[in-house]
Amino acid sequence: MQLRVSLSKWQIFAWAAGIILSLPVAFLVFESLKPSPDVFDHLRQTVLWHYTYNTILLIAGVAIVSCLIALPLAWLVAYCDFPFRKQFEWALMLPLAMPAYIIAYIYTDLLDYAGPIQIWLRTLFGWQNASDYWFFDIRTLPGAVVMIALVLYPYLYLIFKTALKEQSFKLVQASHLMGHSAWQSFYKVSLPLARGSMVAGITLISMEAMADFATVHYFAVSTLTTAVYDTWLGYYSLTAAAKISAVMLLILFVTLGVERFNRRSLHVAERSGLVNSGCLYFLTGAKALLASIWCLLILALGFLLPVGVLMSYAINTFDQVSHGQFSLYAWQSFKLAVIVSIVCMVIALLVAYYQRISRDSLKSWPGRVASIGYALPGTVLAIAVLLVLSFFDQGLNRLAAFFGVSDSLSLLLSGSIFALIFAYVVRFYAIAQGTLESSFARIPPSFDMASAAMGKTTGQTLRLVHLPLLKRGILTAGLLIFIECMKELPAALLLRPFDFETLATHVYQYASDEQLELAASSALFIVLVGLLPLYFITSSMESARRYE
């Protein structure tokens, strides 16, 4: 009887969490089904197709460029031995700590007409003005594709590299015996076996590319993400913004559907069961030099050069920056990220534990439903959260009016920091859920049975048995959520209270005014903080490899 009562409490909490965190998506879909306002009809007849076309081009372009960067890098570090290979293996993950909008601002400063590179070229060749020579314009759709791909390729690089390391060298060696070259062996053997992992990485990159707001907005590239932002703030039409958001959701669901379809149709014929620690090809001479140069070039473009520029800006403008403002914004960002991380971890821990102890056939549904918000881009999420909180604000106002209270409660939820916290929890909860599910799966069920035999309740088992074993998973997920909160921009721009700034919004405001130098310290801080989870995850992978 005690077990049944206890289980019902876990079940109630899990389903309540799933329903609450999925409310924004439900409200967004409901709002999008309302009759079309004049604003949306006007957009549909004029520019909506153009926005959709640019969005599809952006997604496809980022996916292709990421493949051109990540696949050769993953193959080199997984199969080849060349100078500094071990250092490049972890260093090539560093661009993931660099937000796309920051790298876009930096390269715009460097490559614009008034930037140092074009000034140097004009001085070197004696050119007087722009009509004397041609230079590519970075603030275009292709420029946005390259900027976003430079910071997103590590997703595909990590996933594909891991898949290659898990493949048996025997298959590639057998291919060589059949007369195939290294390229033919990669194309006919390694790539088909790792195709599922590659599709998963490309899907993740596509979702992140479509969610990007600051880069495309700064480059004046009209996508569905910028359309949501402009429709809300320019036309003040939530319904029209919700309808555009529904188009983005449709693209997301199609992307995820394609990924699932590919996974279902793929069957891996052979797996070694171990991670290869050696190398298959030993490069020498010019080939070894070219491999090192290629890795160094990508690392420099995606991380070393932008960090160097930020450090230069920060040093040169040290006396002009308001350090009090920087400290305030850093503290506000830190506080927000810590709160969101703790809330996500607590909810995910309890939901994942319910899935472990429950025998209900629907036990996985609360976690899945609660995680759906991760697929929402920041601008779409902001619309969805505003719809939910506005609904509850209206209910509170009616209740206050019934009891004769003043209308000071009009924006109690949607106009406060609670809106930002709720949006971040909805957005990043899936990170905690996925990490803790994997961590729970590595704990043998016999531990639970032994605890029950000793008379411990489910709550005591969680506290005394599972929590000590979940420390690494909890810390990993908490760090990932913390960094994502520090970098998040669109939701912060649209939902923050009037007197609240984060480091991300601070950098965005200065960069929009062409004064990135004055926000270099804030941008550098975001990047350096982003290195923490990368270091922790890399160290964990190295530790795990030693015991395999």
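This is a short tour of helix packing and cavities in a predicted model.

**Stop 1: α3 and α14**

Select residues 48-79, which form helix α3, and then residues 285-316, which form helix α14. Two packed helices are described by the angle between their axes and the distance between the axes. Here the axes come within 11 Å and cross at roughly 135°. Angles over 145 degrees would count as roughly antiparallel, and at roughly 135° α3 and α14 are therefore oblique to each other. The crossing of α3 past α14 is left-handed.

Next, show the side chains where the two helices meet. On α3, pick Leu 68, Ile 69, Pro 72, Leu 73 and Leu 76. On α14, pick Ala 291, Trp 294, Cys 295 and Ile 298. Which classes of residue make up this contact, nonpolar, polar or charged? The contact of α3 with α14 has nine nonpolar residues, with no polar and no charged ones.

**Stop 2: α3 and α7**

Keep α3 on screen and add α7, residues 141-165. The axes of α3 and α7 come within 6 Å and cross at roughly 40°. Angles under 35 degrees count as roughly parallel; α3 and α7 cross at roughly 40° and are therefore oblique to each other. This time α3 passes α7 in a right-handed crossing. By class, the contact of α3 with α7 holds 26 nonpolar, three polar and two charged residues.

**Stop 3: α5 and α6**

Hide α3 and select α5, residues 100-111, together with helix α6, residues 116-125. How far apart are the axes of α5 and α6? They are 4 Å apart, and the helices pack at an angle of about 15°. That angle makes α5 roughly parallel to α6. To see the contact, select Asp 109, Leu 110 and Leu 111 on α5, and Pro 116, Ile 117 and Gln 118 on α6. Four of these residues are nonpolar, one is polar and one is charged.

**Stop 4: the cavities**

Now turn to the empty space inside the model. Rolling a probe the size of a water molecule over the atoms shows where empty space is left. The structure holds four cavities of 30 Å³ or more, and the largest has a volume of about 400 Å³.

To find the largest cavity, select Ala 100, Tyr 101, Glu 208, Asp 212 and Lys 487, which are the closest to its centre of the 23 residues that line it. Then colour the elements that give two or more residues to this lining: α5, α7, α10 (195-211), α18 (417-441) and α21 (471-487). Which element gives the most to the lining? It is α7, with four residues. Taken by class, the lining of the largest cavity has 16 nonpolar, one polar and six charged residues.

How values were computed:
Residues are numbered from 1 along each chain as its sequence is written. This is a predicted model: local features need pLDDT of at least 70, side-chain atom pairs count only at pLDDT 80 or more; totals for chains, interfaces and linings use all residues. Side-chain values use heavy atoms; hydrogens and water are left out. Axes are lines fitted to C-alpha atoms, for helices over the stretch in contact, and angles run from 0 to 180 degrees between N-to-C directions. Angles under 35 degrees count as roughly parallel, over 145 as roughly antiparallel, 65 to 115 as roughly perpendicular and the rest as oblique. A crossing is left-handed if the near helix is turned anticlockwise from the far one by less than a right angle, and right-handed if clockwise. Contact means heavy atoms within 4.5 Å. Ala, Val, Leu, Ile, Met, Phe, Trp, Tyr, Cys and Pro count as nonpolar, Asp, Glu, Lys and Arg as charged, and the others, Gly among them, as polar. On a 1 Å grid over the protein atoms alone, a cavity is a set of points where a 1.4 Å probe fits but cannot get out, and a pocket is an open set with protein on both sides within 12 Å along at least five of seven lines; lining residues have an atom within 4 Å of a point. Grid points are joined across faces, edges and corners, and a volume is the space filled by probe spheres set on the points.
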